[in-house]
Every structure is written in structure tokens, then in C-alpha cells.
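User: Hello! I am new to this structure and would love a close look at one part of it. Could you walk me through what you find there?

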Amino acid sequence: MTVGDTTSGGGEEPPADSSAHATPHHEVDHTAEPTDDPLAIRLEALILGADRRYTPFQAARTAGVSMDLASRFWRAMGFADIGQAKALTEADVLALRRLAGLVEAGLLSEPMAIQVARSTGQTTARLAEWQIDSFLEGLTEPPEPGMTRTEVTYPLVELLLPELQEFLVYVWRRQLAAATGRVVQAADDEEMVDRRLAVGFADLVGFTRLTRRLEEEALGELVESFETTAADLVAAHGGRLIKTLGDEVLFAADDSGTAAEIALRLIEAMAQDESMPALRVGIAFGTVTTRMGDVFGTTVNLASRLTSIAPKDAVLVDGAFAKELVRHGQAPESEAQAAQEAAERARRAEKEGREPDDEPPPPAYRFGLQPMWQRPVRGLGVVEPWLLARRGRPGG
């Protein structure tokens, strides 16, 4: 979908001749016209549920919104400028009214409404591109010689559209419920935005060399397999996948134990797949700023740096993360401490004339921590990384 020229204000509708306004080289070309391909127009009407009716100026005026605000909403949603071509529908007018109404009612500030538009636009744009590239493209192979892909696309979209729409709303509501639950459990108002989280990066080793060696299709399959495995493991063990970057994934968890389990599971899963290169993971724990589903701050930067210096098939964590594991009884302060506790249990058993096995069970440490050499990390000072390992057998 495309929208209008932000140089247009209120008052009279701008002239149809878009050449009246010179387009600076750094701005979007406002003379770009929507497609006039008949099938594309039919598909657009099917998907949007309405025919083209309004120019951007008319849509803004009908919605009771200034052209300036309407253009900012549209650009935030990722829609290109098209001057004053008649390309908008009743749904565009209704969307403007809703966003502007939330601002007028005081439920959202104007900058927040722009953020809502931008986050929704960016997320759904990626989803739509993925569905077309990977889903519809495969399903629209002509079933018979002589049929074109376009002849198959329309009835397929007609069948899929209502089902995909319902599924999208269902998943969104589920995710919204989970996110809301995390926020209301925050300790205070500040923690709702700046929270203490475990943040981890998982990075495929030697990916740049692979890009030169593998065919594009094979490389795409490897990346998809990696992202799918990572997404499934992160979700299954209680973490959140923040984003994927081809050869790298960023995840977060509310506690150190969850993040440690995810990291080690990722290493174990990739090691079992002979087609996958080695993996390395870095995790840090601390205050994180969350915006539009992403995470920012020193903690995130530290996790990224730890990943870059981690050995192959290994997990490096920072000191704060190590302390969290110890504080929650997930790991001993050191293997020497664990050995000392075992020896103390044996001495008590011997003194009381009991077998060591009759002693109460030792602390159920799930993870082990090995201090590594301190090293300077650019922009973050001197860091003491810890090598994370699993103690005992992994759970089911």
C-alpha cells in the first residue's frame, strides 16, 4: 500500500500535477504511482476488502486528521509516498480515525501512537514478505501446463486470507497476554521499561566463509534450519527470541537459569547436526532498555562482545550472570566449593556412623562455572568472563 505527500497541509487539495513540487534527491519520489495491473488491483481489493476510493488528502480529511499527522502515521507504518493518486480505501480512513482517536482520548500520546504504527508496520511487513516469499510462492506453482502463476494466486489467496487473518489475531493475542503478564509482575514502574534480564547471543562460527562456499539455496536452508531450531528451543524453555540476524540470534530470559539452559541446549542441538557449523554463545545479566520489541543497553553490548570471544561450542557469561546463578543455587561459587561441601557431608556421615549415601542429598547444582582470564573489551573496560557448563545430565 502507498500513501501521500507530507508536504501537503490542510486547506485546499493539492494540485494533481506532482511536478509542482521538486523532489530533493534524498527524499522519496512522490510521483510514484500505484500499480495499474488489473490482476494486482483485483488482488489488492480482495486483500484489503475494499476498492480504491480516496487520495491521501481526501482520506485524511474524511478521517478528520491533518495531512501532516496522516503522513507521519503512514510513513511510520512503512507505506511509500504516492503524491495524490487515488489509492486508499475506507479501511485507511478507519485506521486513521482509530489512531487519532486514541490520541484525542488521551490514551496514547502522539509520539506513542507513531511508535505503535511503526512497530506494527515493521513486524507485519516482515511477516507479509516471508509469507509471499516462502509460503504463497511455493503453493502457487501452476498445476497444469498453460496456466500462469497469477491465475492460481487469486483463488488461493481468497481461500487462505480469512484463515491466516484469524490465526494472526490469535497468535497476537497470545503474545500480548504473555507480554502483559511479564510487565504487571515487574517490581516497580521503572522496571516496566528498564528491566533486569539475561540477554544472550548465539552465533554460527565461520559463517562468512560458508557464504563463499555454499550455493545460495543451500545457504538459505542452513540459515532457516538454524533460526527454526533456535526459535523452538528458546520458546520451549521459557525464553523470548528477540530477533534473528541470519547467522546470529538474540534471545532474552527473565532469570539466569532459564538463559543458561537455553544456551547449553543450543550448543547441544547444533553439535548433533553435522550440517551445522560450530556455535558460540555469550550471555550477560543486567538492566536492559526495551523498545518496540527490541533490547538495548550496555548489557546487550556486553553479551555481544562475549559471543565474539567465546570458544567454539562454548558459552561465556559475565560476572553478574555468574553471581545470579550462584545466588539462586543453580551453580556453586566454584568447583572447590562443591568438592568441599561433598567432603563435609562425608565427614559428618563418618562421625555419626552412617554411610555417606544416607546423608541428605547435595545441592542440585545444574551448572558449573569456570573463571577465564580477564581481558579488556572495547568500550566496556576489563571483563572477567566465565565458562558455563552443565553439571550432570541434561533434563528431558
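Which residue follows H1, and what is the sign of its phi?

Analyst: Happy to help, and please keep in mind that this is a predicted model. The residue after H1 is Gly49, and its phi is positive, near 75°. The helix that comes before Gly49, H1, spans residues 38–48 and has Leu39, Leu43, Ala45 and Leu46 as its buried residues. Looking down the axis of H1, you would find these buried residues within an arc of 160°, so they line one face of the helix.

From there, let us turn to the interior. In soluble globular proteins, nonpolar side chains tend to be buried together. Here the largest nonpolar core has 38 residues, and those that touch the most other members are Leu279, Val281, Ile283, Val315, Phe321 and Leu388. Helix H9 (residues 256–271) gives this core its largest share, eight residues. There is also a second, separate core of 21 residues, with Leu69, Leu88, Ala100 and Ala113 among them.

Leu279 is a good place to pause: beyond its neighbours up to four places away in sequence, it touches residues including Phe226, Leu266 and Met270. Those three also take part in the contact between H8 and H9, with Phe226 on H8, and Leu266 and Met270 on H9. The axes of H8 (residues 216–236) and H9 come within 10 Å and cross at roughly 145°, and the crossing is right-handed. By type, the residues in this contact are eight nonpolar, one polar and one charged.

How values were computed: Residues are numbered from 1 along each chain as its sequence is written. This is a predicted model: local features need pLDDT of at least 70, side-chain atom pairs count only at pLDDT 80 or more; totals for chains, interfaces and linings use all residues. Side-chain values use heavy atoms; hydrogens and water are left out. A nonpolar core is a set of buried Ala, Val, Leu, Ile, Met, Phe, Trp, Tyr and Cys residues joined through side-chain atoms within 4.5 Å. Buried means under 20% relative accessible area, exposed over 50%, partly exposed in between (1.4 Å probe, protein chains only). Helices (H or I, at least four residues) and strands (E, at least two) are DSSP runs, numbered from the N terminus. Contact means heavy atoms within 4.5 Å. The arc is that of the directions from the helix axis to the C-beta atoms. Axes are lines fitted to C-alpha atoms, for helices over the stretch in contact, and angles run from 0 to 180 degrees between N-to-C directions. A crossing is left-handed if the near helix is turned anticlockwise from the far one by less than a right angle, and right-handed if clockwise. Ala, Val, Leu, Ile, Met, Phe, Trp, Tyr, Cys and Pro count as nonpolar, Asp, Glu, Lys and Arg as charged, and the others, Gly among them, as polar.
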